Every structure is written in C-alpha cells, then in structure tokens.
Amino acid sequence: MTAKELAKILGLSEASVSFALNGKPGVSTKTRNRILEEAEKYGIHVNRKASTSHASIYLIYYRKHGAVLTDTSFFSELTEGVEEECVREGYRVNILNVYTVEDLSRQIEELSNQGAAGFMVLGTEMHGEDFAPLPFSKVPVLLLDNHFLSSRIDSVRINNVDGAYQATNYLIRKLKTVPGYLHSSYPINNFDERTEGFHKALRHNGMSVSKAVVHALSPSIDGAYGDMLEILEQKEETARCYFADNDQIAIGAMRAFREKGYQIPGDISIIGFDDIQMCSYTEPPLSSVHVPKYHMGLVAAERLIRDIGQKDYYAVNIEVSTNLVLRGSI
C-alpha cells in the first residue's frame, strides 16, 4: 500500500501521512500515532525511532513560591536524567518555567494543540488546588516530585517518609536523645511527608512527638540562617541534634549555630535531606539523605515515553528510594 492510499483510507491529507511516516513536524501526536498504527497494520514499514525524532517532550518547572526551586544542582541532575533518556528515544526536550496555574494550564493546552508528545510537570511546589484544573486529556502528562491521591496521571517522586524515618532513627540510635526538627516554614507536600517520617521514628523508639524541639525555618540557605539566628538570639530552647527538611535549611542553620559559638558535631549534630553537591563542602561536611536525582529523571522519562501512543492507560505512582550519606556533621 502506498502513503497516498493510506491517506485516503484514513481520510487525511497526503501531507499529514507523509509528515508522520517521515518523522517531520506538522501533525499532532494523536494523529501521528494513528497513522503509524494503521501503516503497520497495512504492512508499510515504520521506523518508530525516526518518527519521534522531531517530537517534543516539555519539562515544565512550576515555580509557585520560588523558595524551594533554588538549588540548581538538584534540579540540573534531575533534568540531565530526563534529557538523556528522551534523546536516546528520539525526543527533543524543551524546558519551560511557569509561575501561575493559569499559565501552566494555558501552556499545556496550547502545546498539546501544536503537537507536543508529552509533558513532565515538576510539581514540587504544587498543591491539590493547583493540580485540579489542568487539562490532562490530550497527551500524556507526568507529575514529577509530587503526587496527589485524586490524580489520574503518572507520578514519580521521592520516598520522603522512609528517608526521613531512616535519618531520624539514626540520630536517635547514635545520640540516645529526642532529635529536634528544622521544619520548613513553607507548606510543601514533600516536607509534610518528611514530617510523617520524623514522627514515625520518634514513636517507633517510644518517644513523644510533643517533646521534640521544632524550629520553623525558610527552606533556603539565607532564609534559614536568618531565621535560626533570630531564634538563637531570643534564647529559645535547642536540641542536641536535628533532622532538617532539606539541605539548604540545614546549611543555613549550621552557619547560625557556629556564629553563636556552637560546635558541630560536638554540641549539635545535624542531618539534611537531598544530598546536594554543597554538602561535601560545608564545614563540617553535612550528613544527608541521598536522593538519586539523575535516576529519578531517567525513570520519569522512561515512564512518560512508554505512555505516549498507548490506547489503554492506568496511572501509577513510582517512589524512588533514598539512602543515608554520613559525613562530619554527626
């Protein structure tokens, strides 16, 4: 069968069929997949890799607050994993930054109509109300670094509960005391899950959650430093050791403690979360919960590409495990 005959059967233009078979832009992902499926059915040879070589996957960074997405090393590793898998499978990766749910919704709608193959939304700063109105019906969308129980799309995220549990449990076993908690003052789902892991470790060791010293700090190095300095100047109660919601909070707090004469780890031990590159260069080097950022991006891209062109679709939530990296701060 010729491409001209296939176009007639499908009720499409010869140009559309030609674009799809030759991997050129100018046809939507839905139409492209339909053409390729029918072409294979009628014995026309299709090079699936070539057919996607001009298709684009969009990695969208949703920056609602801008306070959390400040560490470039974490997200650059994540992006590297996404890009490597997409390029291997013949897709281009375009990166967008959006700051409002209205802009996010508009971008997904417009780019879907222009033939985007799929979307990954970095939803670290998203909440349920941001997620609900998004148009997820036309092409596959994957939520990265977050998950909502009511969602019907794939998600890939960190196992925050277990990571926080392991870190807190280590502090308890090592120092035989109730750990303190350097908690983010910004409401982020990841941090809520880490709170759950922190509390779980306390209860597992027979400790009261109410006995833990908790300091609310901004989730950035400068913000956490300023907040912790103010807490120390007001002579609020401190703990012998702390679990921090992320490394930036831990690093900022360490700076404040040291300025006020505390020795780390002699007087206070701290463990962070994420294991960003800076952890190896602090004084002392910061212990942290390692998140395999590159692998997380790779897994997300693999899953999204698998969904492209699938007729039957069932959403999954993939959790990426973590491990402790012990350095000089404990």
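1. Asp-307 is buried in this predicted model. Its relative accessible area is 6%. The side chain of Asp-307 meets that of Arg-303 in a salt bridge, at 3.7 Å from N to O. Arg-303 counts as buried too, at 13% relative accessibility. Both values fall under 20%, so both residues are classed as buried.

2. How many residues apart are Arg-303 and Asp-307 in helix α12? They are four residues apart, so about one helical turn separates them. Helix α12 covers residues 293-307. The pair does not stand alone: salt bridges with shared partners join Asp-154, Arg-303, Arg-306 and Asp-307 into one network.

3. Look next at helix α5, residues 72-88. Glu-85 forms a salt bridge with Arg-88. The closest N and O atoms are 2.2 Å apart. The two residues are three apart in the helix, so about one helical turn lies between them. Glu-85 is buried, with a relative accessible area of 6%. Arg-88 is partly exposed, with a relative accessible area of 42%.

4. Helix α6, residues 101-113, holds both Arg-106 and Asp-103. Their side chains meet in a salt bridge, 2.4 Å from N to O. The two lie three residues apart, about one turn of the helix. Is each partner buried or partly exposed? Asp-103 is buried, with a relative accessible area of 18%. Arg-106 counts as partly exposed, at 40% relative accessibility. For Asp-103 the cut-off matters: buried means under 20% relative accessible area.

5. The pairs above are among the salt bridges of the model, whose count comes to 14.

6. Now the nonpolar side. The largest nonpolar core has 67 residues. Which of them have the most contacts inside it? They are Ile-57, Met-120, Leu-144, Met-228, Phe-243, Phe-257 and Ile-270. Helix α11, residues 247-259, supplies the largest share of this core, with seven residues. Another core lies apart from it and has 18 residues. Tyr-62, Leu-104, Ile-108 and Met-126 are among the residues of that other core.

7. Phe-243 deserves a look of its own. Set aside its neighbours within four places in sequence. Phe-243 is then in contact with Ala-164, Ala-167, Thr-168 and Leu-171, among others. Its contacts also include Gly-180, Tyr-181 and Leu-182. Arg-194 and Phe-198 are in contact with Phe-243 as well. So are Ile-271, Gly-272 and Phe-273.

Definitions and conventions:
Residues numbered from 1 in each chain as written. Predicted model: local features only at pLDDT ≥ 70, side-chain atom pairs only at ≥ 80, totals over all residues. Heavy atoms only, no water. Core = buried A, V, L, I, M, F, W, Y, C linked by side-chain atoms within 4.5 Å. Buried < 20%, exposed > 50% of the residue type's maximum accessible area, 1.4 Å probe, protein only. Contact = heavy atoms within 4.5 Å. Salt bridge = Lys/Arg side-chain N within 4 Å of Asp/Glu carboxyl O.
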